[in-house]
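Me: I'm new to this one, and I'd like to see how the labels are earned. Could you walk me through it?

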Amino acid sequence: MITLTDFLIVSAALFCIGLYMIVSKHNAIQILIGIELMLNAAILNLVAFGKFDKIANGGQVFALFAIVLAAATTAVALAIILNVYKKYKTIDPRKINNLKD
Amino acid sequence: MSLAQVLFYVMAFIVVASALFVASSKNLVRSIFMFFITLFGLAGLYVLALADFVAVTQIVIYVGGVLVLILFAFMLSGKETLNVLQQQKSKFISLNKLPALLLAALFFVVMVNVILKSDVDNVYWVKMVRGANRQIKPNDLMTDNIGINLMTRYLLPFEAISILLMMALVGAAHLTRKEQGTV
């Protein structure tokens with residue numbers, strides 16, 4: 001029997017790895033991957049609890065919504081990263097410290 | 001120990017180990033390809049949580065869409081992104097990574113404590129569902145139920161998210177277009 005606690009601990013580990021990537025990386029694409037990891041941890045929680053909602057399927061349906069949101073986030077974030085790269089010739093977030101003026 | 005439990009531990013190990021590799025790898029391409037394995041392992045975990053449809057959606061959208069998008073953006077942004085990475089040739093735990101590592105580890109300790117203390121397997125509504133034997137069982141077909149729920153109970157969020165997705169994609173296309181003439 002796989003308990004809910006097992007799922008939650010796996011997702012907590014994933015969330016913390018994502019947090020580490022967001023805080024420590026120097027590359028916008030890697031930070032984006034960290035955000036994706038955190039989103040996936042949240043989706044894993046939704047799916048694990050969704051097992052106990054047979055009639056309304058709340059967990060699974062909102063996991064689907066979260067996946068779609070993640071796809072939209074990635075598309076916009078990558079567009080912004082490409083623009084930033086065109087302007088600054090780097091995607092290190094710590095070197096991007098000028099406004100457009 | 002049943003087969004499902006063994007599979008769960010294997011999948012959980014694959015997911016966490018490949019995520020750790022993604023976090024620690026110096027090579028961006030390698031870490032992106034390792035992220036594939038994390039996502040596949042997560043799809044396996046969804047199957048073990050009896051959510052087949054979400055697992056297939058995960059593979060189609062994440063592996064087919066998001067990762068290909070990330071790879072394209074990486075290849076379009078050229079070689080300088082790699083140079084940033086090669087400058088810092090230090091070990092996994094270097095001095096400037098230490099605060100981040102500490103933050104993540106302590107946060108993990110806090111989260112595990114919260115999870116163990118809250119004892120989610122004995123929450124009121126989970127217990128009630130389990131007592132009435134109404135949880136999803138391995139041989140239930142949930143896909144048609146998800147479809148019906150999506151078109152009745154969750155119709156408003158569904159429409160809202162479709163509008164949002166269209167706006168996001170139009171916005172992304174607008175952001176990346178070639179500037180011509182003015183502006």
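Me: What pattern does chain B follow, read along the sequence?

Reply: Chain B reads α-α-α-α-α-α-α-α. That fits the count of 8 helices and 0 strands in chain B. Keep in mind that this is a predicted model.

Me: How do you know how confident the predictor is in chain A?

Reply: Look at pLDDT, which runs from 0 to 100. Chain A averages 89, and 99% of the residues score at least 70. Within chain A, confidence is highest in α1(A), at 94, and lowest in α3(A), at a mean of 89.

Me: What makes α3(A) and α3(B) roughly parallel or roughly antiparallel?

Reply: It comes down to the crossing angle. The axes of α3 of chain A (residues 58-88) and α3 of chain B (residues 52-76) cross at roughly 5° and come within 10 Å. Angles under 35 degrees count as roughly parallel, so α3(A) is roughly parallel to α3(B).

Me: Which residues make that contact between α3(A) and α3(B)?

Reply: From α3(A), they include A:Q60, A:L64, A:I67, A:A71 and A:L78. From α3(B), they include B:F53, B:Q58, B:I61, B:L69 and B:L76. The residues of the contact of α3(A) with α3(B) split into 18 nonpolar, 5 polar and no charged.

Me: Why is α1(A) called roughly parallel to its partner in chain B?

Reply: We can use that cut-off again. The axes of α1(A) and α1(B), residues 3-24 of chain B, come within 9 Å and cross at roughly 5°. Angles under 35 degrees count as roughly parallel, so the label fits α1(A) and α1(B). In this contact, A:D6, A:V10, A:A13, A:L14, A:I17, A:Y20 and A:M21 meet B:F8, B:A12, B:V15, B:V16, B:A19, B:L20 and B:A23. The residues of the contact of α1(A) with α1(B) divide into 13 nonpolar, no polar and 1 charged.

Me: How many residues does each chain put into the whole contact?

Reply: Chain A puts in 61 residues and chain B puts in 72 residues. On the side of chain A that touches chain B, α1 (4-24), α2 (28-50) and α3 each supply at least two residues. α3(A) gives the most, with 20 residues. By class, that side of chain A has 42 nonpolar, 13 polar and 6 charged residues.

Me: What makes α1(A) agree with the span expected of a helix?

Reply: At 1.5 Å a residue, the 21 residues of α1(A) should span 30 Å, and its end C-alpha atoms are 30 Å apart, so the two agree. α2(A) does well too: it has 23 residues and reaches 33 Å from its first C-alpha to its last, close to the 33 Å expected.

Me: Why is α2(A) described as largely enclosed by the rest of the structure?

Reply: Because 20 of the 23 residues of α2(A) are buried. α1(A) is mostly covered as well, with 16 of its 21 residues buried. Over in chain B, buried residues make up 21% of the 183 residues.

Me: What about A:I22: why is it called partly exposed?

Reply: A:I22 lies in helix α1 of chain A and has 18 C-beta neighbours inside 10 Å. Buried takes 20 or more, and exposed takes 12 or fewer, so A:I22 counts as partly exposed. Leaving aside neighbours within four places in sequence, A:I22 is in contact with A:I31, A:G34 and A:I35. The C-alpha atoms of A:I22 and A:I33 are separated by 8.4 Å, and these residues are 11 apart along the chain.

Me: How do you know whether A:N57 is buried or exposed?

Reply: Count its neighbours: A:N57 has 24 other C-beta atoms within 10 Å. The cut-off for buried is 20 or more, so A:N57 is buried. A:N57 lies in the loop between α2 and α3 of chain A. Its phi is near 55°, a positive value in a residue other than glycine.

Me: And what makes B:D119 buried or exposed?

Reply: B:D119 has 10 C-beta neighbours inside 10 Å. Exposed means 12 or fewer, so B:D119 counts as exposed. B:D119 sits in the loop between α5 (98-118) and α6 (124-131) of chain B. B:D119 has a positive phi of about 55° although it is not a glycine.

Technical notes. Residues are numbered from 1 along each chain as its sequence is written. Chains are lettered from A and ligands numbered from 1 in the order in which they are written. This is a predicted model: local features need pLDDT of at least 70, side-chain atom pairs count only at pLDDT 80 or more; totals for chains, interfaces and linings use all residues. Axes are lines fitted to C-alpha atoms, for helices over the stretch in contact, and angles run from 0 to 180 degrees between N-to-C directions. Helices (H or I, at least four residues) and strands (E, at least two) are DSSP runs, numbered from the N terminus. Angles under 35 degrees count as roughly parallel, over 145 as roughly antiparallel, 65 to 115 as roughly perpendicular and the rest as oblique. Two residues are in contact if their C-beta atoms, placed from the backbone, lie within 7 Å. Ala, Val, Leu, Ile, Met, Phe, Trp, Tyr, Cys and Pro count as nonpolar, Asp, Glu, Lys and Arg as charged, and the others, Gly among them, as polar. The expected span of a helix is 1.5 Å times one less than its number of residues.
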